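This briefing covers one predicted model. The topics are a helix and its surroundings, nonpolar cores, aromatic pairs and a few single residues.

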Amino acid sequence: MFTEISMTNFKSWRETGPVRMAPLTAFFGANSSGKSSLLQMLLLLKQTAESNDRGLVLKTGSMQPGYVNLGTPQEITFGDEKEMSLGVSWKLDPSSKMRVPIPGEERTLGITNLAFATTIRAEQQRLYVKSLSYRQAEAFSVKLDRKDNNRYIIRARVVGKEARRPSHRPRVLMTAEKCYGFSDEALLYYQNTGYLRSLEHEFERQFRKLHYLGPLREYPQRTYVWGGERPSNLGLKGEQAVHALLSGKSQSIYRGARGKYSKLDARVAKWLVDLDLSASFETRPLFEGSNQYAVWLKRHEKSSETLLSDVGIGVSQVLPVLVLCYYVPVGSTIILEQPELHLHPSVQAGLADVFIDVIQKRDVQIIVESHSEHFLRRLQRRIAEEKLNPCDTALYFCEMCVGESVLTPLEIDLFGDIRNWPEDFFGDMTGEILRIVKLGFERKVALADDS
């Protein structure tokens with residue numbers, strides 16, 4: 001799980017400071033306030049980690065399509081700045097069992113969490129790594145720095161003891177690979193630092209567990225061709241949602257309170273019923289042995305079955321959200337942009353319950369960018385009802401101030417109250433109501449005078 005992110009001079013953010021990430025993290029705010037940039041930083045690192053070009057500092061998406069297309073180096077950095085810094089911290093998967101040797105001792109140090117940071121400089125349409133580092137609190141650190149002579153030096157410390165280059169090994173030219181890795185020369189430079197490659201693997205492993213669904217979902221089809229494959233993701237627009245649902249139809253997603261395992265298709269169908277979007281939901285082949293499948297549902301208990309493509313757009317838009325939440329492996333992180341798009345306010349509120357179920361029962365972290373007041377209000381209500389621990393949430397308000405994005409953590413208490421509610425957070429709804437009442441009264445008086 002990601003526990004913290006930070007950015008300096010990235011897009012509209014001059015400085016975010018440390019941003020705490022929780023099992024359920026949500027960013028709210030007006031359009032073009034910088035919400036998407038917070039997510040894009042993680043997606044930028046993900047597509048860089050997935051790139052096969054180890055000499056590419058950052059895969060910005062300008063040459064090959066990816067999760068985000070951020071353009072040129074000058075378009076990535078804030079204002080006229082030439083340098084930007086990106087930071088991210090996460091808890092390691094318990095199965096990683098990463099340990100590093102303590103210099104001069106036979107003991108090793110277990111690594112349970114990592115904080116990564118990199119500073120990147122842009123010059124003449126070119127990016128290069130100025131520094132990168134990994135650390136675990138004060139006990140462990142590795143840092144690679146670029147010096148004025150274009151050479152890099154590396155320092156590694158474990159419980160205060162520094163690993164040194166063996167005297168028989170000559171000095172070599174070390175470089176960074178991508179924005180988070182070490183060259184082969186760096187890997188061979190120090191004795192007992194074989195864990196440098198392990199750090200890269202842990203970085204890549206963490207970002208492999210990151211899944212993304214964009215704000216515009218694929219329009220539903222009348223039929224879907226499926227040959228039995230199991231997609232690794234749902235696609236940026238959720239275009240593989242039905243294929244994922246078919247491949248994981250009997251997949252157990254978690255064990256319930258009574259010891260019974262909940263199945264993927266059953267859980268998705270139940271949420272569609274609970275959200276009042278359908279009375280039944282099923283995927284099945286057009287005929288026995290066919291590789292063409294259709295998605296059928298009933299809007300009401302007594303209504304006829306209808307194809308997914310023939311009902312309101314809301315069902316097809318929320319379906320990839322539901323499937324992704326229960327399809328990804330336990331321990332994953334999901335990024336959702338505007339999951340409430342095209343949904344009725346009551347369904348927007350219901351999404352909060354879906355996400356609470358997922359973080360509590362599947363150990364899946366969810367990061368949301370949203371404009372929905374109804375979604376936030378339901379979170380507040382569940383906290384007040386003691387169904388959601390406020391410590392399991394991190395809620396933020398983004399706004400643009402004097403040409404740069406500013407982030408405000410929302411202070412929510414045990415009673416679900418937000419103590420620092422920003423002015424006009426979701427617009428001036430009270431002012432609109434008062435204006436309607438005033439104008440209605442004035443018009444009634446005018447009509448009475450005319451009569």
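In helix H9, the buried residues are Phe375, Leu376, Arg378, Leu379, Gln380, Arg382 and Ile383. They pack against strand E4 (24-29), helix H8 (345-361), strand E23 (365-369) and strand E24 (393-401). Two of these partners, E4 and E24, also carry the rings of an aromatic pair, Phe27 and Tyr396.

**Helix H9: length and ends**

- Helix H9 covers residues 373-384, and at 1.5 Å a residue its 12 residues should span 16 Å.
- The end C-alpha atoms of H9 are 17 Å apart, which agrees with the expected span.
- At the N-terminal end of H9, Ser372 acts as a cap, with a side-chain oxygen 3.3 Å from the backbone nitrogen of His374.
- After H9 comes Glu386, which has a positive phi, near 65°.

**Nonpolar cores**

- The largest nonpolar core contains 68 residues, and Phe27, Tyr134, Phe140, Phe182, Tyr195 and Leu199 have the most contacts inside it.
- Helix H1 (residues 35-50) gives the most to this core, contributing 8 residues.
- Leu199 touches Met98, Leu114, Tyr134, Phe140, Val142 and Phe182, with residues up to four places away in sequence not counted.
- A second core, separate from the largest one, has 62 residues and includes Phe281, Leu308, Ile334 and Ile356.

**Aromatic pairs and a charge over a ring**

- The whole structure holds 12 aromatic pairs.
- In one of them, the ring centres of Phe27 and Tyr396 are 5.4 Å apart and the planes are at 20°, so the pair is stacked.
- This pair links distant parts of the chain, since Phe27 is in strand E4 and Tyr396 in strand E24, 369 residues apart.
- Both partners are buried: Phe27 has a relative accessibility of 0%, and Tyr396 has a relative accessible area of 6%.
- Ring pairs also join Phe2, Trp90, Phe116, Tyr134, Tyr180, Phe182, Phe203 and Phe207 into a cluster.
- Two members of that cluster, Tyr134 and Phe182, are among the residues with the most contacts inside the largest core.
- The charged end of Arg146 sits over the ring of Tyr128, at 3.9 Å from the ring centre.

**Val315 and Ser278**

- Val315 is part of helix H7 (residues 313-327) and is buried, with a relative accessible area of 6%.
- Beyond residues up to four places away in sequence, Val315 touches Leu272, Leu277, Leu297 and Leu308.
- One of these, Leu308, belongs to the second core.
- Val315 and Thr393 are 78 residues apart in sequence, and their C-alpha atoms are 27 Å apart.
- Ser278 is in the loop between helix H6 (264-274) and strand E19 (280-285).
- Ser278 counts as buried because its relative accessible area is 3%, under the 20% limit.
- Apart from neighbours within four places in sequence, Ser278 is in contact with Leu272, Val273, Leu297, Lys298 and Arg299.
- Leu272 and Leu297 are contacts of Val315 and also of Ser278.

**Gly17**

- Gly17 is found in the loop between strand E2 (13-15) and strand E3 (19-20).
- With a relative accessibility of 15%, Gly17 counts as buried.
- Its contacts, leaving aside neighbours within four places in sequence, are Ile5 and Ser6.
- Gly17 and Val57 are 40 residues apart along the chain, and their C-alpha atoms are separated by 23 Å.

Methods
Residues numbered from 1 in each chain as written. Predicted model: local features only at pLDDT ≥ 70, side-chain atom pairs only at ≥ 80, totals over all residues. Heavy atoms only, no water. Helix = DSSP H or I, 4+ residues; strand = E, 2+ residues; numbered from the N terminus. Buried < 20%, exposed > 50% of the residue type's maximum accessible area, 1.4 Å probe, protein only. Contact = heavy atoms within 4.5 Å. Expected span 1.5 Å × (residues − 1). Polar contact = N/O pair within 3.5 Å; in protein donor to acceptor, adjacent residues only side chain to side chain. Core = buried A, V, L, I, M, F, W, Y, C linked by side-chain atoms within 4.5 Å. Phe/Tyr/Trp six-rings, centres within 6.5 Å; stacked < 30°, edge-to-face > 60°. Lys NZ or Arg CZ within 6 Å of the ring centre and 35° of its normal.
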